[in-house]
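Please find below my notes on the structure, set out as numbered points. They cover local environments, two helices, a pocket and the charged pairs.

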Amino acid sequence: WGLTKKVNSMPDALQAERKNLAARFGIPSSQYHFVDGSGGGDSSASAGAVIQLLQAIRRRPAFPALYDAMPILGVDGSLASVKDFEKEPSLAGAAGNVRAKTGTWVSADASGRPVLKGQAFAGYITTKSGRHLTYEVVVNNVAISGIADVIKVFQDEGTISALLWRDY
């Protein structure tokens, strides 16, 4: 992205991104901290910044293409296997009505044990009542013993997403 702004270093690219987020989306740099373009590591963003960006994107001409490309809860992509919520009949209808970008960052604590530093769903829900929600669900800093624990967090976030679908 930096190269498209005629800069060729990470600090300059991050500065260009700060200007872009402020000018085009009204998101002040106090609402996020990016260290590179990966979204992992010590990068962070407030829930407010994420929601503000997702709402602004919703008003852009390219939004339909982005929306169509997002993983669909219980249907495809990284959310295809997120189906535990379907065990509750009142939540089963959420399948196909939640679209979210996922993000996962696993690291280690000081003694080398794995920690789920961050696991997020961020996107859009068309609720049972027909409302259109922009949302984010994030889990941070959970001690894990392996991938099965990360999958459990995915399932829990799927259930939370389904509850939003049903109850709003």
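1. Leucine 79 has a relative accessibility of 0% and therefore counts as buried, the limit being under 20%. Leucine 79 sits in the loop between α3 (63–69) and β3. Its contacts, leaving out residues up to four places away in sequence, are Pro71, Ile72, Leu73, Gly74, Ala100, Thr102, Phe121 and Phe154. The C-alpha atom of leucine 79 is 8.9 Å from that of lysine 101, with the two positions 22 residues apart along the chain. The model is a predicted one, and this applies to every point in the note.

2. One of the contacts of leucine 79 is Phe154, and Phe154 is among the buried residues of α4. The others buried in α4 are Val150, Val153, Gln155, Glu157, Gly158, Ser161, Ala162 and Trp165. The cover over these buried residues includes β3, β4 and β5. Helix α4 has 21 residues, and its end-to-end C-alpha reach of 30 Å is close to the 30 Å expected at 1.5 Å a residue.

3. Helix α4 also holds a charged pair: the side chains of lysine 152 and aspartate 156 form a salt bridge, with an N to O distance of 2.8 Å. The two residues are 4 apart in α4 (residues 147–167), so about one helical turn separates them. Lysine 152 has a relative accessible area of 46% and is partly exposed. Aspartate 156, at 34%, is partly exposed too.

4. Which residue forms a salt bridge with arginine 166? The partner is aspartate 167, and the closest N and O atoms are 2.6 Å apart. Arginine 166 is partly exposed at 29% relative accessibility, and aspartate 167 is partly exposed at 47%.

5. Aspartate 84 and lysine 87 provide another salt bridge, at 3.7 Å from N to O. The cut-off is 4 Å, so a distance of 3.7 Å counts. Aspartate 84 is partly exposed, with a relative accessible area of 31%, whereas lysine 87 is exposed at 69%. The structure holds 4 salt bridges, among them the one between aspartate 84 and lysine 87.

6. Turning to the other helix, α2 covers residues 47–58 and has 12 residues. From first C-alpha to last, α2 reaches 17 Å, close to the 16 Å expected at 1.5 Å a residue. Ala49, Val50, Ile51, Leu54 and Ala56 are its buried residues. They pack against α1 (10–25), β2 (44–45), β4 (114–126) and β5 (132–143).

7. The largest pocket has a volume of about 1,500 Å³. Its lining consists of 47 residues, and those nearest the centre are Phe34, Ser38, Gly39, Ala45 and Val50. The elements giving two or more residues to this lining are α1, β2, α2, β3 (98–108), β4 and β5. Val50 thus appears in two lists: it is among the residues nearest the pocket centre, and it is among the buried residues of α2.

8. Which element gives the largest share of the lining of the largest pocket? That element is α1, with 7 residues. By class, the lining has 24 nonpolar, 18 polar and 5 charged residues.

9. Glycine 26 lies in the loop between α1 and β1 (32–33). At 44% relative accessibility, glycine 26 is partly exposed. Apart from residues up to four places away in sequence, glycine 26 touches Leu21 and Gln52. The C-alpha atoms of glycine 26 and glycine 118 are 25 Å apart, and the two residues are 92 apart along the chain.

10. Two backbone values should be noted. Lysine 6 has a phi near 65°, a positive value in a residue other than glycine. Lysine 6 lies in the segment before α1 and is exposed, with a relative accessible area of 77%. Asparagine 141 has a phi near 55°, again a positive value in a residue other than glycine. Asparagine 141 is located in strand β5.

Note on methods. Residues numbered from 1 in each chain as written. Predicted model: local features only at pLDDT ≥ 70, side-chain atom pairs only at ≥ 80, totals over all residues. Heavy atoms only, no water. Expected span 1.5 Å × (residues − 1). Buried < 20%, exposed > 50% of the residue type's maximum accessible area, 1.4 Å probe, protein only. Contact = heavy atoms within 4.5 Å. 1 Å grid on protein atoms, 1.4 Å probe; cavity = no way out; pocket = protein on both sides within 12 Å on 5 of 7 lines; lining within 4 Å. Points joined across faces, edges and corners; volume = space filled by probe spheres on them. Nonpolar A, V, L, I, M, F, W, Y, C, P; charged D, E, K, R; others polar.
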